[in-house]
Amino acid sequence: MDERSDSTVMHGEYKVRGGKLVAVDVTAVEGRIATAHVFGDFFLEPDEALEEIDAALVGLPTDSSADDLGGAITARLDGLPEPVQMIGFDAGAVAIAVRRALGHASRWEDLTFEVIPPVVLPPVMHVALDEVLPKEMLAGRRGPHFRIWDWDSSLVVIGSYQSLRNEIDAEGAARHGIGVVRRITGGGAMFMERGNCITYSLVVPTSLVEGLSFEQAYAYLDDWVMGALAEIGVRARYVPLNDIASDQGKIGGAAQRRFAGGVLLHHVTMSYDIDADKMGEVLRIGREKLSDKGTKSANKRVDPMRSQTGLAREQIIDGFLEFFRDRYDTVDSTYTDGELAAARELVETKFGTEEWTARVP
């Protein structure tokens with residue numbers, strides 16, 4: 001970071017999900033915080049605690065981590081004779097705002113997203129692109145991006161750490177002509193037939209989730225889709241760690257992978273209209289899992305998005321794209337020949353191999 005004099009006021013903000021806005025103005029001298037003024041629409045008791053929060057920040061190194069900043073605030077407040085109540089925010093929220101002010105963390109508003117609309121590809125290619133594209137961003141050849149998958153054949157995508165034989169009924173998969181591939185993120189299996197679900201990938205700098213726990217990062221990166229779902233009439237809520245649910249059951253789930261160098265992959269699959277009978281013949285899903293997916297008996301479909309909206313899948317995807325473009329700074333994009341070639345090579349050498357798919361037998 002460039003040297004900044006005490007005449008340069010740096011401003012940072014952080015909106016707590018489900019809470020209040022926290023803002024801070026700081027100045028720095030010789031690598032340390034010289035002044036700090038925290039403010040926002042939160043509630044705080046006693047009133048004098050605000051001055052203590054400011055004082056806790058003064059003198060700290062400008063490269064302090066969010067944990068160090070939050071810890072300094074907590075230690076200062078714990079030392080007061082009267083208990084402090086922070087309502088609508090916490091010490092971690094202040095720390096994130098400070099990190100943003102000092103240029104260590106980014107906001108959605110700081111980023112321009114490359115948007116890639118649906119391109120029909122074999123589903124294994126999309127799995128491979130989730131490794132190719134983050135590395136392209138690390139190399140500086142692609143910026144933050146949002147892309148929606150589309151595919152032309154059936155596939156089950158299992159999580160990186162799932163047992164192949166525990167998750168897949170090999171006879172059922174063969175009978176229905178459904179292949180299996182393992183992805184690079186954790187989490188559960190994705191049952192993907194053409195037209196039965198909606199999947200998207202979001203690749204961002206890890207600085208966007210600076211100071212957030214893993215649980216908070218999941219909700220933070222999917223906050224936009226809650227708004228997009230509400231726009232089309234789906235009453236959705238986030239269920240920690242990584243699920244999106246409605247009153248009719250689970251809609252979808254998210255998974256993440258953080259790459260060394262500062263890039264994060266976040267992807268989500270949501271049910272549009274899944275044949276639960278077929279899914280039950282291919283996946284080894286217990287009763288608890290089926291109940292979680294809103295399915296209690298045979299001859300049922302997992303269709304919370306179709307039944308709640310009455311919209312075609314393509315209309316929902318168009319709505320998602322429109323909502324994302326309206327909310328953030330975006331440019332239209334598509335896959336390059338080089339990215340597709342790299343993905344095809346990964347299919348041949350990794351994702352399409354028995355060695356990778358059965359690496360957890």
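Two strands are counted as paired if DSSP finds at least two bridges between them; strands (E, at least two residues) and helices (H or I, at least four) are DSSP runs, numbered from the N terminus. The model is predicted, so local features need pLDDT of at least 70 and side-chain atom pairs count only at pLDDT 80 or more, while totals for chains, interfaces and linings use all residues. Residues are numbered from 1 along each chain as its sequence is written, and side-chain values use heavy atoms, without hydrogens and water.

Strands β14 (residues 249–259) and β15 (residues 263–271) run antiparallel and are joined by eight bridges. Within this pair, Arg258 is opposite Leu264 of β15. Both strands belong to an open sheet of eight strands with mixed pairing, in the order β12-β13-β14-β15-β11-β7-β6-β18. Because β12 (237–239) and β18 (329–332) each have a single partner strand, they form the edges, and one side of each has no neighbour in the sheet.

The largest nonpolar core (buried Ala, Val, Leu, Ile, Met, Phe, Trp, Tyr and Cys residues joined through side-chain atoms within 4.5 Å; buried means under 20% relative accessible area, exposed over 50%, partly exposed in between, with a 1.4 Å probe and protein chains only) has 72 residues, of which Trp224, Met270 and Phe320 touch the most other members. Helix α3 (residues 91–101) supplies the largest share, eight residues. The core lies between domain 1 (10–102) and domain 2 (108–358), because both give residues to it; the domain bounds come from an automatic or database assignment. Another core, of 30 residues, lies apart from this one and includes Leu121, Ala128, Leu265 and Tyr335.
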